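Please look at how one helix of this model packs against two others. The paragraphs below follow that helix from one partner to the next.

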Amino acid sequence: MIQATGLTSSPRKELPPAVDDVSFEAHAGRVTALLGAPGAGKTTALRLMLELQRGRGITYFRGRPLHRIPHPSREVGVLLGDVPGHPARTVRGHLRMLCAATGVPARRADEILEAAGLVSLRDERLGTLSRGMDRRLGLACALLPDPHTLVLDEPARGLSAAENRWLYSTLRAYAARGGTVLCTTADPKEAARIADHVVTLERGRLVADQAAADFSRTRLRPRVAVRSPHAARLCALLAQEARATRRSVEAVHEGGNRLCVYGSTCADVGETAFRHGIVVHQLADEVGDMGPGAGAGEPAADEKVPPAGAAGEPTRPGPGAPPPTDDTARDPDHHPGAPAGEDSPASVSPSQKAPDGSKAPDASVAEDAHPAPGARSRRAARTRDTGAGLPPPISVRPAPRPLRPLRYEIRRATGVGTGFLVGAAVLVVSALTAVLLARVGHTPQPRLLAAWPRELPLPPAALGAGLLGALAFGDEFRHPALAADRGTVPRRLGLLTAKLLVASASAAVLAVLTVGCDAELLHLVYGREVVEVPADWLPLSAGWLGLVIGCACAGVLAAGVFRSTTAGLAVVVAVPLLVVPLVHKVTEGPAVRTPVPLASRLRDGVPLRWPFGGERHLDAVLRLIAQPVGGALTLSLAALLCAYVFTGLRSRVR
């Protein structure tokens, strides 16, 4: 069950708020439609409910606000706009990545693919999906953790009739199992067909909160659809009889053999046609709009419209329209003759209210203990006048962290071919550079195997590792996958640790493959003497791995701090260009003490001996850090880590 109270968006410049004091309920086991024209505030209301936008109000999902729910994705499934995901990722890979983020088994992805009818498209890229398949995938992402509540923003937008039937049958089946469904729509006839309860918004205000049966009776207009080869003659006869009997009947000839009769019944129209010998091919009750021309000239969301009855002209319902009910009579903001939404050419039979054939509940059963919209608005006005009892402020909450961060990061990194392309490019460039350096000569063997010319600040493998690390955060900022429409990745140490581990493993593999490919190619071109193993291969290998892994970690941290892949790679390049000269200036000058190996100082100062010669290994590590590039990289990593922790703590405090 959803309970939204006092939803009010932040005021805009010289404009009223997009949503102003909206309160409603969506009950479990029902489909609730949030109806309104474009610009009425439907999407803003959903964003306020999901704490994606600042404002005022409170929304309870089964008695708890969203920020009090430990795992929001398991409670609320959300679809806002298009499916957030990298366009090069496959459908199955995207769902498997979300499985790790929401903490459900990976087999759930295959189950939801079958339920959504996407098995044949499991290997398709997200960027190649049609509009209908994209909406199916969005619903599949929302249903993936099997939440209790679905919040969908115009899920049927751009879908065909067959896809609409599938969507609404799925929503009906979900509600029949006890779930809560809240979806927005701009078509009043669609709302009457699919929903059990309809909440109508107009210019950011609540104008009606009704059961579907009451909505169809008061906000839509019943009509009789007639098809006859003599439609024009029948239209004239019906109008003549209406004038003779002084009945409020309107017959509209819609062209060809179609005729719509408002304010009459199938029996009366059939008797008239029978008396005059007119052949009728179709005679059926329909639920239509508010009459011809009702939707024309509807003002935009920001346009100021004079109230009903202005300039001495009272507002009257259209011909044949039913009288206003108690709800509309009590609501001073409701115009009895105004349509509930846009004029739509499609017509819906009352028997087609639900895809599964079920009818909307009776008004007496579906009518909840809601106060009338007019009474609610008057009470809200009195509350604002007194200045007390304002709804609590809504603050934007950070995106939830992945429940299985390491699995999430592995599937994220391997689900897109960008990392593999970067690795292949690094291997090719390194091999060609090594061959060229060996051809020129005068290059030490360690630099030759690493394909690192003295003219370059970093070898190709280090630059590639830095780019892979920067992509770990940069891709997600452009294509977020953890939460709908948030646009950022949470600054959590668990996720950072997973990204650092995966980036370090990728960098280590890239470093080993680079040296191996370079050595193999040099052996094939120039012979064995070029690739002889040096005597100090162990410290050289440790330094090489430390350089490449350090560049990858610097890329991860920089992209996480600056929220940009380009900034992450720029920081990696800036280490040898800017930080190394700075370290040189700081450390230059005469030494204060005679340099003594660290191993000797540790052996003399510590009474117990280090196991397995640990002082020698520590001495080797510190010698690597003492080198200009090693020291600059260590200093940069420490600064980036502190900046990442600081920005993460600051966002939590806010």
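**A helix with two partners**

The crossing of α15 and α18 is right-handed, a term that applies when the near helix is turned clockwise from the far one by less than a right angle. This is a predicted model, in which local features need pLDDT of at least 70, side-chain atom pairs count only at pLDDT 80 or more, and totals for chains, interfaces and linings use all residues. Residues are numbered from 1 along each chain as its sequence is written, and side-chain values use heavy atoms, with hydrogens and water left out.

Helix α15 covers residues 418–440 and packs on α18 at an angle of about 40°, their axes lying 9 Å apart (axes are lines fitted to C-alpha atoms over the stretch in contact, and angles run from 0 to 180 degrees between N-to-C directions; helices are DSSP runs of H or I with at least four residues, numbered from the N terminus). That makes α15 oblique to α18, the word for angles that are not under 35 degrees, over 145 or from 65 to 115. Residues in contact, with heavy atoms within 4.5 Å, include Gly-423 and Arg-439 in α15 and Asp-518 and Tyr-526 in α18.

The second partner is α19, residues 537–562, which packs with α18, residues 493–526, at an angle of about 140°, with the axes 8 Å apart. Here, too, the crossing is right-handed. Among the residues making this contact are Lys-499 and Ala-507 of α18 and Trp-544 and Cys-553 of α19.

Beyond its end, α18 is followed by Gly-527, whose phi is positive, near 105°.

Technical notes. Helices (H or I, at least four residues) and strands (E, at least two) are DSSP runs, numbered from the N terminus.
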